[in-house]
Every structure is written in C-alpha cells, then in structure tokens.
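Here are some worked exercises to try with the model open beside you. Have a go at each task before you read the solution.

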Amino acid sequence: MNDRLRPDGNPVINESGIPIQPLYTEADVAASGGNAMLGRPGEYPFTRGIHPLMYRKQPWTMRQYTGFGNAADTNARFKYLIANGQTGLNVAFDLPTQCGLDSDDPLADGEVGRVGMAIDTLRDFEIAFEGIDLDRITVSLTINGAAAILIAMYLAMAERRGFAVKGLRGTAQNDILKEFIGRGTWVFPVEPSLKLVGDTIEYCATHAPKYSPVSVCGYHIRESGANPAQEMAYAFCIASAYADEVLRRGVPIDEFAGRLSFNFNIFGNLFEQVAKFRAGRALWAQIVHDRYGAQKPGSMWMRMIAGGGGSGLTLEQPELNIVRGAYYALISALSGAQTMALCCYDEAYTIPSEHAQRISLRTMQLLIEEMGLCDTVDPLGGSYYVETLTNQMRGEMERIIADVDARGGIVGLIASGSIQAQVSAQAYQRQLDIDAGRLRKVGVNCYRVDEDDPQVEFHPYNEADAMTQVARLAEVRRRRDASAVARTLDDVRRSAAGGANTMPAIVAAVKAYASVGEITAALTGVFGRYREPVRFEE
Amino acid sequence: MNSTTRARPIKVVLAKPGLDGHDQGAKVVARALMAAGMEVIYTGLRQTPEAIAQIAREEDVDVIALSSMAGSHLGFCRRLKPLLEEAGLDDRLWVIGGNLPRQDHEALRALGFKGIFPTGARLDDITAFIQRNSR
C-alpha cells in the first residue's frame, strides 16, 4: 500500500490541496524552504508570533459576539459577560442597522432587534455602553456597509462620555469587500464602498490613532466556500486594496498599517489552521515590508481575532459544538491569536443564551488557567510537520495572490462576481462531499443518533422591543434640532459629491442625532446602491 | 406531472427574503437544482415579498423557493402568501429552506409551504421532493 493513501485508498490531501505525509523529518522542512522565514517571536517576519512573550505577558482578549433587541437589552448582556471575566466586547447589530436602514423603515419590518442590537441614533449608543469603562474594555463593532456611520457614532459617544478619542482603542469590522463575497450587508457600489473604507482609515489615523478602523475578514470568505489558503490569500488581497486606497491619498504606510487587523476562521484540520496562521503572519509582514516599504515593526503585524467557525458546527447533537469550540479555542491559542470569539453551541439554532455564552467564555478561561497555553510562545514551533506545512501553506497563498494580481486584482474580481462564483462552486462540492460521506461530519454523516428536539433554549424575539425602538427614534426626532440635522446631512451630501473625506461631516451629523438611515440616504443619493452580480460561472 | 414527460424543465425562482445576507446555502441549492436539470432564477439578496411574487408571476415558475437564515421567515411568509395567491400562483409548489426551528414547521405548512428543508437537509432530498411535487 502506498503510504500516502488512507486505508480506504484515498490520498490524504488537506483542504488547501497540500498532500499530507505519514511522517515528517528535518529533510522535509529543508525541502520546503527550511527555516528561512521562521525567525524569533516579535521579530520579522513574525511567523512565531508578533510579540516576544505573547500570552506570557497578556492572554488573548476574550470577546464573544453579542447583541439583540434594543440597546438596553444588550447593555445588560454586556455587563453579564464582563462580570464573568470577559475582557472585550464584540457588538452584533440587527440587519436594518447593518444595511443602513432605520427601525421604522418598511424594509426593517420584522427584523428590528432580531439578530443583533438595533441602533438608529447616537442616543442608542449612549444607552448601549452606559456604565462600561471604554478604557478598560475594548469594543469591536461588527458593522460593514454602515461602518463609517457607526464608527463616527462610537467615537462621538466615547467623547461625550469623557474618554480621550486620541487614546481610544477598539475595532470596527468595516471590511466591505468581503461583504460582497459573503455576509451580504453591502449598501453602496464597490468603488464608493472602497472609498468610504479609505475615509475611515484616513480619519482615524489622525483623530483616533489607537483605534483599529478595519478588521479584514478571511472568516466569511471561508464560510462562503473558500479553502484555508484562499481564505487568507484573499484577505491579504483585500487588505492591500484598502492600503492602496489610503496610500493614494498620500498617507504614509507607517501611519495606518499598524491599525489594520484581521479576522480568520478556524474550522477544519487542526494542523492546517495552525500552519495557515503562522504562514500568514510571515506573508503579511513581507507584503507590508517589501511591497509597501513599511519600517515600523507594528505596521507588519498580522493582528487577528480567531476562534469562530460557524460552518464547522452542526445542528445535529449540538452539545458536540461545545467540544468543537474547545478545539477551536485550542487551535487559536496554538496559533497566537490576539483575540478570541467562539461560536456558542446553540448558534445553529438561536441567538446564544447567557448559559451558552458563559460556557464559551469558560472554555477560553480553562485554556488560560488550567492548560498552560500561556506559558510558552509558539509551542508547536519546530515540529517537522508544522514547519513544513507552514512553508507549503505560505507558498500556496503566494501562488493564489499572484493569480489574483494576474487576473486584474481583487476589486475587479469581486465587482464582476468571479470570486463569489468560485467559492460558491467549492461550497457546492463540499456539500456534495458531506452528503456522500466523503467529507466526514460527526453527527451528520456518521455517528448519528435519533434525536428529538435537542435541549436548546430559544432566544425569544420580542415585538415589543422593536416597538420601543421605533418609539425612541420618534422621540429623538422630535427633540433634536431639526435645522442642525438638515444642515449636517447637507454637508454629508456635499462632502460625498465633492470627493472629500466624508468622515468629518458624518461625525457632525451623528452628533446632531441624525439617524443611520438618514445619513445612509444622504450617501446613497450621491453614491447610488450596489447591484449584486448573480453568476454561477467563474 | 412526471419530469420524464414534461415539455420543459421545472422552473424555479429561488429567493433570499428580507435583509438576511447568508447566501451560501441558497447558491448551493441553486447549483443542485440546476445539476438536476431544472431552470433556476436566483434572485440575489434583499427581496421584498412584492418583488418575489412579481418575478414568480412574470417568469411563470413552477416552484417558489425561499432561503431564510436570520429568523424572520414566519412574518415574511405571512406577507408573501396573499401576494402569491393574488398572482394566481397558489397552484405552484412553495418550498422553504434554512434556519427553520421545528416549532415553526406547522405554521409554515399552514401558510402553504409544502416542502420545509431545515439546515442539514440533503441536496438529493430537496431535488427529489421538487421533482415529485411540482406541477
């Protein structure tokens, strides 16, 4: 029997297409490129970690994705998580907010506060973060199409609460290019969307230099069907597109690259993921150094949130998702993630219960307190297998990036729907493989049990919360200075039409209590709306 | 009608209702239906009930299929039902897939959705159901 084959005769090839051997030795490391890109933790090219001491100095930030109903409901859950030892917040917004619609918009009917917190005006943000120390707890906003508005709102809220915006830390997802591939909360066409991301990065570089205005997400590209190497390669192409947009405006790379961050997926083969992250750190450092000429080490750091992997979890035997989540957390810790957010075991059914969120939090705390994951940096470093695979994964990512560049670049490939068609074809193949049992999913196509409805506590959707939200918006509209709103919205329109950075005008509008929907409408009046290319052929 | 005797392929409009942006599953199902020989009109995201009813009527489809992942399926289907009936499409096959808790299945059936395919449904089962039940 060929030793590269499984007992059933099928070759062992990881999802990124790399054949896996039964044994690795130093000869394999040497043949794959040796230790040329290894270095030491905290030193270029950062394969082993971006800091010399990593978790020895400070464990990863724990940041479970949370938000539902209105701002007051979410504020209570935030406080519950902080009381249970969570060290950061990761805010879920409802779909109307994410799509730039107010809670009283007809298109928002039935969706207000359903999958996240409803935000219409600055008033809601004041309630959502009431009593939370924004210097101690960093906040990540999962917002994309409406990101410029929500970033403006967050900065305005923090300023009014008396926090120095210059020193304010936190993150916005604000990665619109991946929204066109997966997740789908786009608003504006591709080009103005890219411009708005540029506006936020440029604005924050000056006004909120500690704030991370973008978290580039391989995560959702992977969820949409990409393999792990494509996930990371496409994310780097997208991050480069944002960097190019800001550099075009004359902002030096070292003034903003250090505030770009990343969000990656974790499900799949353990060693492939660890190698992916180690390879990615070196590749991103190389891109920022070689292509963009950055000098500051911080500009070259691939800072990341990891731990989630919704597509890896199953509806069947949901308690197995607790075990999967624990492995995902372990992979993230072995990979040097800065921040972790785990998917909760009940997420295939519902918005996580308090209990499910606490289990996820405790899962991370177990690794920190009981398992020794914080003692030593890059504990898998030096494994013949992991080092060989790290070199091979980096090679594969380089090949994919070169291919994207040869085809005219990521922005064009996304605008035409080409990447979407490619990953969707892969998702289809994956589903066929699962249905046929070629790709094993425990509880799905093997080790099934007869299940009655599993014991999952469904999160109630409360129509009354939605009504409260609509009433609050009406109240804000009644009490605010209408002429200030009209004037600031006019300025938003003018700055968009004139090609200026729109952020100062958006910040002023937010402070006048203009709503998410009103500011979005002012911008779509100039930029138009995205029209989705529907195609199935790459 | 049996698929072997039909004059034209089964025609399906596959729609993403409301603001939900999760389209991986819808696109996977679209590919499976096409591979089974059906003609699929995939609407893309953010469809209103009015838009779905209009496309279904204009294209004279055999099947109206929805994919909903974000929990607003019941309210949406309640708004869609009278529009489909008004358009004379109540003799067509209505199916829905996605994140559909079991406690909602009865209500969806009562609204006229004959095929309900929650997360984890096999592609073969979806295509076979449509082939068996479309007019």
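**Exercise 1. Work out how the contacts in chain A are spread along the sequence, and how chain A is built overall.**

Step 1. Take the contacts in chain A between residues at least 6 apart in sequence: 77% of them join residues at least 24 apart. Two residues are in contact if their C-beta atoms, placed from the backbone, lie within 7 Å.

Step 2. A word on the source: this is a predicted model, where local features need pLDDT of at least 70 and side-chain atom pairs count only at pLDDT 80 or more, while totals for chains, interfaces and linings use all residues. Residues are numbered from 1 along each chain as its sequence is written, and chains are lettered from A and ligands numbered from 1 in the order in which they are written.

Step 3. Now count the elements: chain A has 19 helices and ten strands. Helices (H or I, at least four residues) and strands (E, at least two) are DSSP runs, numbered from the N terminus.

Step 4. Check the overall dimensions. A compact globule of 538 residues would have a radius of gyration near 24 Å, and chain A agrees with its 23 Å. The radius is taken over C-alpha atoms, and the globule rule is 2.2 Å times the number of residues to the power 0.38. Along the principal axes, the C-alpha atoms of chain A fill a box of roughly 80 × 60 × 50 Å.

Step 5. Finish with burial: 54% of the 538 residues in chain A are buried. A residue is buried if 20 or more other C-beta atoms lie within 10 Å of its own, exposed if 12 or fewer, and partly exposed in between, with C-beta atoms placed from the backbone.

**Exercise 2. Trace the open sheet of five strands in chain A.**

Step 1. The strand order is 1-10-9-8-7, with parallel pairing. Two strands pair if DSSP finds at least two bridges between them.

Step 2. Find the edges: strand 1 (61-62) and strand 7 (214-217) of chain A each pair on one side only.

Step 3. Look at one pair inside the order. Strand 9 (residues 304-306) and strand 10 (residues 339-340) of chain A run parallel and are joined by two bridges. Here Ile305(A) has Thr339(A) in strand 10 of chain A as its bridge partner.

**Exercise 3. Describe chain B, then its strands 4 and 5.**

Step 1. Chain B has five helices and five strands, and from the N terminus its elements run β-α-β-α-β-α-β-α-β-α.

Step 2. For 135 residues, a compact globule would have a radius of gyration near 14 Å; chain B has 13 Å, which agrees. Buried residues account for 51% of chain B.

Step 3. Strand 4 (residues 93-98) and strand 5 of chain B pair in the parallel sense over four bridges, with Val95(B) opposite Gly115(B).

Step 4. Add helix 4 (residues 105-110) of chain B, and strand 4, helix 4 and strand 5 make a right-handed β-α-β unit. Right-handed means that, with the strands pointing away from the viewer, the path from the first strand over the helix to the second runs clockwise.

Step 5. In a regular strand the side chains alternate between the two faces of the sheet. Along strand 5 (residues 115-118) of chain B, Gly115(B) and Phe117(B) point to one face and are buried, while Ile116(B) and Pro118(B) point to the other and are not.

**Exercise 4. Which elements give two or more residues to the side of chain A that touches chain B?**

Step 1. In total, 32 residues of chain A are in contact with 25 residues of chain B. The elements asked for are helix 3 (95-98) and helix 15 (418-436) of chain A. Helix 15 of chain A gives the largest share, six residues.

Step 2. Check the helix length: the 19 residues of helix 15 of chain A should span 27 Å at 1.5 Å a residue, and its end C-alpha atoms are 27 Å apart, which agrees. The expected span is 1.5 Å times one less than the number of residues.

Step 3. Among the buried residues of helix 15 of chain A are Ile419(A), Val423(A) and Gln431(A). Their cover includes helix 9 (228-247) of chain A and helix 5 (123-133) of chain B.

Step 4. Cross to the other chain. Leu123(B) lies in helix 5 of chain B and counts as buried because it has 21 C-beta neighbours inside 10 Å. Leu123(B) touches Gln431(A), Leu432(A) and Asp435(A), among others.

Technical notes: Lists of a residue's contacts leave out its neighbours within four places in sequence.
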